[in-house]
Amino acid sequence: MNNSPLKKEVVDQKIKELRIPDIGKASIREIVALVNLVEEETGVKYVRMEMGVPGLPPAEIGTNAEIEALKRGVASIYPMMDGIKPLKEEASRFVKNFMNIDVSPKGCIPTVGSMQGTYAAFMLAGNIDKKKDTTLFIDPGFPVQKQQMLVLGQKYKSFDVFNFRGGKLRQKLEGLLSQGDINSIIYSNPNNPSWICFTDEELQIIGELANKYEVIVMEDLAYFAMDFRKNLSKPGEPPYQPTVANFTENFVLFISSSKIFSYAGQRCGMMIISDSLYDKEFPNLQKRFKSATFGSTMTLRILYSFSSGTCHSAQWALTAMFRAANEGQFDFVEVVKEYGEKAKVMKRLFLENGFKLVYEKDLDEPIADGFYFTIAYPGMKGDELVQNLLYYGISAIALNNTGSEEEGVRACVSFVKREQFNELEDRLRRFNLKYSGN
Ligand SMILES: Cc1ncc(COP(=O)(O)O)c(C=O)c1O
């Protein structure tokens, strides 16, 4: 039966043209390129779930502030390496207001997206102690960070946290950290792609073990406050965005503006380094980078070499957005709740057509509706599913790309428009008709 809206040969031809040897292992950007080519050739629009493009307009408070800054002439002026002062101050207030943690403005440093932030932090953490040459990924995770390790030529280990939630996390982590080669731990929370959200108990375990084994925790908060089960949107009022910073001082947090403020295009995020880590001296840093402390090595050696700072006008945009959020005039969480609403509908469409959720539970609760969800089709491996969905005009990435041990795909809701839901339903129905054998 061939009931797909696309000719299989066209998709196969484009896969060949792009020299993608294994579609299941294709990177996000390879799938993007492939779908662009197929759309161009066939005129058929895909339901695009492969990449976390925000899908909402940028926060106007940001764009207005940026336009004003450009009109004032900031484009001609190099920004300070560690960021403009007002941004550092507002970011410090932001983490106090929405996480209830104290970090001085000094440790709040803009980076060219969180992508640059993690790249810089991986490099730094990998050079602190010769014996500790490995980063530990609590997976599933954001595939591009593994690519960063590849490009850096640094080592990593990883494990799928699915079977190690709650108290079980301690034993698993301790087993790995006690080997003595881990310099840092990275995870995203809420988690891309599974959307599990670590609890305080789990964050406490991570924090305590980071203290015990002297490792740096890199907490990637690209989806800050997007656990919509709780209202994390009120400045200065609990509940707050959970964070490992409550349990250790060995932390670097990454707050991306891409999703929370739909500001991905301007490539400006924040790295938040704890006061004590910022000033901590590591003899090996002096040897390797001719700079004694974590903070000075980060700013005056690594970020200086990478990009000599971060887009000046975008820093003013972030300043304005943080300030408005701090003052309770900009409810950024309300704006992005749309993702959760869309996820609810999209999940239903998949489940009604033979699919199953992969990461279905967040401890004892059903997984929340958010930016991503994970789905499988019975009897189909993740990479087969990616390929077969491509024939039906639906694009996603395989879960094994994310360090997951489960078979399935990651579905990103952000870029799918509500107007496409009928099309999605129709394609899923046809898909199920073909593969269910009914
Ligand atoms: C977990 C995670 N970290 C980092 C990023 C990248 O953030 P930025 O756009 O700020 O570089 C993403 C984007 O999808 C992400 O999902």
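How many Å separate the centres of domain 1 and domain 2, taken over C-alpha atoms? The separation is 28 Å. Please keep in mind throughout that this is a predicted model.

## Two domains and the side where they touch

The domain assignment of the protein chain places residues 8–56 + 333–435 in domain 1 and residues 60–326 in domain 2. Contact between them involves 30 residues of domain 1 and 31 residues of domain 2. On the domain 1 side, the elements that give two or more residues are helix H14 (332–351) and strand E12 (372–376). Of these, H14 gives the most, with five residues. Sorted by class, the domain 1 residues that touch domain 2 comprise 14 nonpolar, nine polar and seven charged.

## Strand E8 and its partners

Let us turn to strand E8 (269–273). How many of its five residues are buried? Five of the five are, so the strand is mostly covered by the definition of burial, which asks for 20 or more other C-beta atoms within 10 Å. In a regular strand the side chains alternate between the two faces of the sheet. In E8, Gly269, Met271 and Ile273 point one way, while Met270 and Ile272 point the other way, and all are buried.

E8 has two pairings to look at here. With strand E2 (residues 108–111), E8 pairs in the antiparallel sense over four bridges, and Met271 is the bridge partner of Ile109. Strand E7 (251–255) is also joined to E8 by four bridges, again running antiparallel. In that pairing, Ile273 of E8 stands opposite Val252.

## An open sheet of four strands

Elsewhere there is an open sheet of four strands in the order E9-E12-E15-E14, with antiparallel pairing. Its edges are strand E9 (356–357) and strand E14 (397–398), each of which pairs on one side only. E12 is thus worth a second look: this strand of the sheet is also among the elements on the side of domain 1 that touches domain 2. At the E14 edge, two bridges join E14 to strand E15 (residues 409–412), and the two run antiparallel. There, Ile397 stands opposite Arg410 in E15.

## Helix H6 and its surroundings

Helix H6 (143–152) follows strand E3 (134–139) after a loop that holds Pro140. Which residues of H6 are buried? They are Pro143, Gln145, Gln148 and Met149. An α-helix has 3.6 residues a turn, so residues three or four places apart point the same way. What covers the buried residues of H6 includes helix H2 (28–42), helix H5 (113–125), E3, strand E4 (155–160) and strand E5 (182–188). Just after H6, Gly153 takes a positive phi of about 75°.

## Backbone features in the loops

Four loop residues have backbone angles worth checking on the model. The table brings them together with the loops that hold them.

| Residue | Backbone feature | Loop |
|---|---|---|
| Pro140 | cis peptide bond with Asp139, omega about 5° | between E3 (134–139) and H6 (143–152) |
| Pro239 | cis peptide bond with Pro238, omega about -5° | between E6 (216–220) and E7 (251–255) |
| Arg267 | positive phi near 50° | between H9 (257–260) and E8 (269–273) |
| Ser308 | positive phi near 50° | between H12 (294–307) and H13 (312–326) |

Neither Arg267 nor Ser308 is a glycine. Is Arg267 buried, partly exposed or exposed? Arg267 is partly exposed, because 19 other C-beta atoms lie within 10 Å, and the cut-off for burial is 20 or more. Ser308 counts as exposed because 10 other C-beta atoms lie within 10 Å, where the cut-off is 12 or fewer.

## The shell around the ligand

Finally, which residues are closest to the ligand? Of the 13 residues that surround the ligand, the closest are Gly113, Met115, Ala222, Ser256 and Ser258. H5 gives the most to this shell, with three residues. H5 has also appeared above, as part of what covers the buried residues of H6. By class, the shell has four nonpolar, eight polar and one charged residues.

Technical notes: Residues numbered from 1 in each chain as written. Predicted model: local features only at pLDDT ≥ 70, side-chain atom pairs only at ≥ 80, totals over all residues. Domains from an automatic or database assignment. Contact = placed C-beta atoms within 7 Å. Nonpolar A, V, L, I, M, F, W, Y, C, P; charged D, E, K, R; others polar. Pairing = 2+ DSSP bridges. Near = placed C-beta within 6 Å.
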